[in-house]
Amino acid sequence: LAVMLPEFKDAPLWRQTARERLVEMQRTLVYPDGAEIELTPGYHWVTLNNFLSVLDVTRRNQVELPAAFVTGLEKMFEYFVAIAMPDGSAPALNDSGWMAVSRPLQEGLELFPQRSDFEFFASDRKRGTPPAKTSWALPYAGCFAMRTGWKTDDRCLLFEAGPYGAAHQHEDKLNIIVHAGGRAVLTEGGYYSYDRSDW
């Protein structure tokens, strides 16, 4: 309302309040390592999209957002790089299904064109450069990934050793996900399948 109806006398107060709440919500919902507190890639993407919708409205109307908020968005996109499997998918952690990291990182690349690692995933490895490191630790999320490299047939082990997460979590920590030979050989169930029966 503050952005779209700037002629209201209280619009500057609304805008300042919204900016403060936005930064506070990001601080509350996102760990310092960039992982959303549900620790579920699918809901991480939902939360990131919600933040991006605010960014879209403000940018279209030449309203600046705090630099810390934009830096936080970059860390949220980087989360997808950290957990990416060799086939370019994000694993089905907690209440999530397997999903391609290319879609979120295409949006990340638009906002952060200097990130050649985002471009690497956004282009399905056709452009950009692979991330400089192969092992990744997200200490707040408790997610640790070890890889032999960034090719589709490389090996990757991802270890979940963090908290249960908020809301959309499964009480199944200390999982190990292994990707080798171009496919997942040990995985987590994720949300599996919703029940379609009469029950």
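Which residue in β7 is the bridge partner of Ala 180? Arg 183 is the bridge partner of Ala 180. That was the warm-up; here come the longer exercises.

A word on the ground rules. This is a predicted model, where local features need pLDDT of at least 70, side-chain atom pairs count only at pLDDT 80 or more, and totals for chains, interfaces and linings use all residues. Residues are numbered from 1 along each chain as its sequence is written, and side-chain values use heavy atoms, with hydrogens and water left out.

**Exercise 1. Take stock of the whole protein.**

Step 1: start with the secondary structure. The protein has five helices and seven strands (DSSP runs numbered from the N terminus: helices are H or I with at least four residues, strands are E with at least two). Walk along the sequence and you get α-α-α-β-β-α-α-β-β-β-β-β.

Step 2: check the overall build. The radius of gyration is 18 Å, close to the 16 Å that the globule rule gives for 199 residues, so the protein is as compact as a globular protein of that length. (That radius is taken over C-alpha atoms, and the rule is 2.2 Å times the number of residues to the power 0.38.) The C-alpha trace spans about 60 × 45 × 35 Å along its principal axes.

Step 3: look at the inside. Of the 199 residues, 44% are buried (buried means under 20% relative accessible area, exposed over 50%, partly exposed in between, with a 1.4 Å probe and protein chains only). Among contacts with a separation of 6 or more, 54% are between residues 24 or more positions apart (a contact means heavy atoms within 4.5 Å).

**Exercise 2. Lay out the sheet, strand by strand.**

Step 1: get the order. Five strands form an open sheet, β3-β4-β5-β6-β7, with antiparallel pairing (two strands pair if DSSP finds at least two bridges between them). β3 (136–138) and β7 (183–186) stand at the edges with a single partner strand each, so one side of each has no neighbour in the sheet. From one strand to the next, the twist averages 15°.

Step 2: go through the pairs. β4 and β5 share five bridges, and Arg 147 has Cys 156 as its bridge partner in β5. Four bridges join β5 (residues 156–160) to β6 (residues 176–180). Here Cys 156 sits opposite His 179, while Leu 158 partners Ile 177. β6 and β7 are linked by three bridges. Their hairpin has two residues between the strands, and Gly 181 takes a positive phi near 60° there.

Step 3: sort the faces. In β5, Cys 156, Leu 158 and Glu 160 point to one face and are buried, whereas Leu 157 and Phe 159 point to the other and are not. In β6, Ile 177 and His 179 point to one face and are buried, whereas Ile 176, Val 178 and Ala 180 point to the other and are not.

Step 4: add the helix. Helix α3 (residues 67–83) lies across β3, β4 (143–147) and β5, at about 130° to β3 (axes are lines fitted to C-alpha atoms, for helices over the stretch in contact, and angles run from 0 to 180 degrees between N-to-C directions).

**Exercise 3. Describe the surroundings of Ser 89.**

Step 1: find it. Ser 89 belongs to strand β1 (residues 89–90).

Step 2: check its exposure. With a relative accessible area of 9%, Ser 89 is buried.

Step 3: list the neighbours. Leaving out residues up to four places away in sequence, Ser 89 touches Ile 83, Ala 84, Trp 98, Met 99, Ala 100 and Val 101. Its side chain also makes a polar contact of 2.6 Å with that of Asp 87 (a pair of N or O atoms within 3.5 Å; within protein, one must be able to donate a hydrogen and the other to accept it, and residues adjacent in sequence count only if both atoms are side-chain atoms).

**Exercise 4. Are Asn 94 and Asp 124 buried or exposed?**

Step 1: take Asn 94. It lies in the loop between β1 and β2 (99–100), and its phi is near 55°, a positive value in a residue other than glycine. Asn 94 counts as buried because its relative accessibility is 0%.

Step 2: take Asp 124. Its loop runs between α5 (116–122) and β3, and the phi of Asp 124 is near 55°. Asp 124 counts as exposed because its relative accessibility is 51%.
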